[in-house]
Amino acid sequence: MKRRRFLIKTAAVLLSAVMIFALAGCASKSDSGKKVADVEGTVITQGQLDNFTMLTLYRQGYDLSGTTATLKKQCLQNMIDAEAINIYCENNGIDVYDDSYNTEKTSFMDSIKKNDSDFLEQNDITDSDLVTYYRSQYLSNKLLEQVQTEYSEEEIAKEARAYYDSHKNDYKVDDEKRVSEILTGKKTAAEEVVSRLDSGENFADLAREMSEDANSASNGGDLGFFTKSEIKDQFGSGVFDMNVGQYSQPIKTDDGYAVVMITASNDSGYKSFDEVSQEISYNLYMNYCKDRISRMEKDMSIETYDIK
């Protein structure tokens with residue numbers, strides 16, 4: 001069993017957080033010129049979509065070994081949305097590209113060329129691809145800024161509270177316990193850990209000295225909070241029932257032999273409104289943005305085609 005690792009993922013303004021794990025490879029080079037969308041006469045090709053998707057994966061810290069069908073469709077929608085915003089602004093005399101646009105675009109391109117040249121070369125990412133990606137992010141953020149000016153903090157707070165009250169089960173928290181671990185390669189070493197704990201030695205100090213998991217050892221063995229099912233998957237069914245301050249006998253895992261301690265406990269309940277209010281408010285703004293884009297695109301000629 002692979003050791004759990006937790007990643008904090010930052011979402012692009014209009015990028016769906018939903019991922020499907022059935023991977024589909026990128027289209028072949030022979031398909032790169034194939035038309036996948038047409039927005040008021042502006043064509044988006046398969047190659048442009050592939051490179052936009054690769055940039056999205058790379059910038060968001062996802063695995064580059066493949067792309068999901070859902071992600072690629074969402075990236076195409078992001079490209080269409082950017083074209084729609086641009087066309088809407090042009091048609092309505094709105095100067096959306098302020099003085100910072102060219103400066104920040106150049107800074108973005110210089111930075112990625114300097115720090116990520118291997119990625120750009122290996123994936124045939126061109127300057128045009130970088131501009132397309134940056135412009136999409138820029139226009140999405142500009143739309144968000146505009147929408148945020150149209151609603152007062154009081155209005156958003158009221159709507160966020162109403163959403164929280166009607167969707168409280170979405171914020172339910174299961175019982176959790178905080179686990180620390182000392183991982184060793186041999187059972188005899190784990191037994192030595194238990195013996196020294198029995199003699200009164202400090203668990204965190206022993207983790208720093210003896211644990212072979214370098215990531216957690218530097219934190220005194222702390223792995224964070226886990227639900228009952230998560231702890232069962234990693235360490236077996238008995239660990240979750242241990243009391244705070246109690247440590248285990250050696251446990252055989254796929255990584256070696258572990259001695260674990262429960263260091264804290266959180267009872268089940270609900271996240272408070274204060275804990276989730278910013279998240280809810282942000283999602284409300286995103287819904288307003290999507291609604292605004294839908295209204296922009298309603299009167300435009302937009303065609304989409306099969307994608308690889």
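Biologist: Which residue of β7 is the bridge partner of K177?
Modeller: That's F226. Keep in mind that this is a predicted model.

Biologist: Okay, and how many bridges join β6 to β7?
Modeller: Five, and the two strands run antiparallel. β6 covers residues 176-184.

Biologist: Which helices pack on the sheet there?
Modeller: One is α7, residues 187-198, which touches β6 and β9 and makes about 40° with the direction of β9. Another is α8, residues 203-210; this helix also touches β6 and β9, but its angle of about 40° is with the direction of β6.

Biologist: What's the strand order in that sheet?
Modeller: It goes β7-β6-β9-β8, four strands in an open sheet with antiparallel pairing.

Biologist: Why do β7 and β8 each have one side without a neighbour?
Modeller: They stand at the edges of the sheet with a single partner strand each, so one side of each is left free of a neighbour there. From one strand to the next, the twist averages 45°.

Biologist: Switching to helices: at what angle do α3 and α5 pack?
Modeller: About 130°, with the axes 10 Å apart. That makes α3 oblique to α5, and the crossing is right-handed.

Biologist: Which residues make the contact?
Modeller: From α3, they include Y101, F108, M109 and I112. From α5, L130, V131, Y134 and Y138 are among them.

Biologist: And how many are nonpolar, polar or charged?
Modeller: Nine nonpolar, five charged and no polar residues in the contact of α3 with α5. Among the charged ones, α3 brings E104 and K105, while α5 brings D127 and R135.

Definitions and conventions. Residues numbered from 1 in each chain as written. Predicted model: local features only at pLDDT ≥ 70, side-chain atom pairs only at ≥ 80, totals over all residues. Heavy atoms only, no water. Axes fitted to C-alpha atoms, helices over the stretch in contact; angles between N-to-C directions. Parallel < 35°, antiparallel > 145°, perpendicular 65-115°, else oblique. Left-handed = near helix turned anticlockwise from the far one by under 90°. Contact = heavy atoms within 4.5 Å. Pairing = 2+ DSSP bridges.
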